[in-house]
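Got your viewer open? Let's walk through this one together, one selection at a time.

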Amino acid sequence: MVMGKDYQTIVAEMENRLAMTAKQYYSEFYIGITDNIERSLEEHALSKGWNWYISQTAVDTDTARRVEKYFLDKGMRGKENEKDKHSTIVYCYAVTPLTIE
């Protein structure tokens with residue numbers, strides 16, 4: 001079983017990874033939460049090894065939602081979705097002309 005991370009750890013790790021990209025603006029990224037990362041990658045037309053993305057597992061759904069809201073407030077693309085009642089995986093990817101939001 002994968003142990004989830006707390007809010008501060010996820011935000012710090014994601015901010016560090018974002019800082020290593022050539023992108024300058026939060027609006028160049030999409031943030032979301034899911035309970036199935038493989039499905040979400042497929043839905044957004046992302047391919048492992050070809051597209052930049054990061055995913056982190058939170059300790060609970062509330063933590064995942066807080067992380068998502070933090071990055072939405074910073075200007076990332078995406079939207080809060082009430083249907084994600086059991087989602088604990090936060091994911092972020094670089095938006096390109098080939099990705100699907």
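Accessible areas here come from the Shrake-Rupley method with a 1.4 Å probe, and for residues only the protein chains shown count as cover. With that in hand, show the surface: the accessible surface of the protein comes to about 6,300 Å², and 50% of it belongs to carbon and sulfur atoms.

Two notes before you click on. What you see is a predicted model, where local features need pLDDT of at least 70 and side-chain atom pairs count only at pLDDT 80 or more, while totals for chains, interfaces and linings use all residues. Residues are numbered from 1 along each chain as its sequence is written, and side-chain values use heavy atoms, with hydrogens and water left out.

**Stop 1: the cartoon.** Switch to cartoon view and you'll find three helices and three strands. Helices (H or I, at least four residues) and strands (E, at least two) are DSSP runs, numbered from the N terminus. Start at the N terminus and follow the chain: the elements run α-β-α-β-α-β. The radius of gyration is 12 Å, close to the 13 Å that the globule rule gives for 101 residues, so the protein is as compact as a globular protein of that length. (That radius is taken over C-alpha atoms, and the globule rule is 2.2 Å times the number of residues to the power 0.38.) Along the principal axes, the C-alpha atoms fill a box of roughly 30 × 25 × 25 Å.

**Stop 2: the inside.** How many of the 101 residues count as buried? The share is 38%, where buried means under 20% relative accessible area, exposed over 50% and partly exposed in between (1.4 Å probe, protein chains only). Now select Met-14, Ile-31, Val-67, Phe-71, Met-76, Val-90 and Cys-92: they have the most contacts inside the largest nonpolar core, which has 17 residues. Color α1 (7-19), β1 (29-34), α3 (61-74) and β3 (89-94), since each of them supplies at least two residues of this core. A nonpolar core is a set of buried Ala, Val, Leu, Ile, Met, Phe, Trp, Tyr and Cys residues joined through side-chain atoms within 4.5 Å. Another core, of eight residues, lies apart from the 17-residue one; Ile-37, Leu-41, Ile-89 and Val-95 are among them.

**Stop 3: Val-90.** Which residues does Val-90 touch? Leaving out residues up to four places away in sequence, its partners include Met-14, Ile-31, Ile-54, Ala-64 and Val-67. Contact means heavy atoms within 4.5 Å.

**Stop 4: helix α3.** Pick Ala-64, which sits in helix α3. Ala-64 counts as buried because its relative accessibility is 0%. Beyond four places in sequence, Ala-64 touches Ile-33, Ala-58, Ser-87, Thr-88 and Val-90. Then try Thr-63, also in helix α3: Thr-63 is buried, with a relative accessible area of 10%. With the same neighbors in sequence left out, Thr-63 touches Lys-5, Asp-6, Tyr-7 and Ala-58.

**Stop 5: two partly exposed residues.** Go to Glu-13 in helix α1, which counts as partly exposed at 29% relative accessibility. Apart from residues up to four places away, Glu-13 touches Lys-5, Ile-54 and Gln-56. Finish at Ala-45, in the loop between α2 (37-43) and β2 (53-57). Ala-45 is partly exposed, with 33% relative accessibility, and its phi is near 60 degrees, a positive value in a residue other than glycine.
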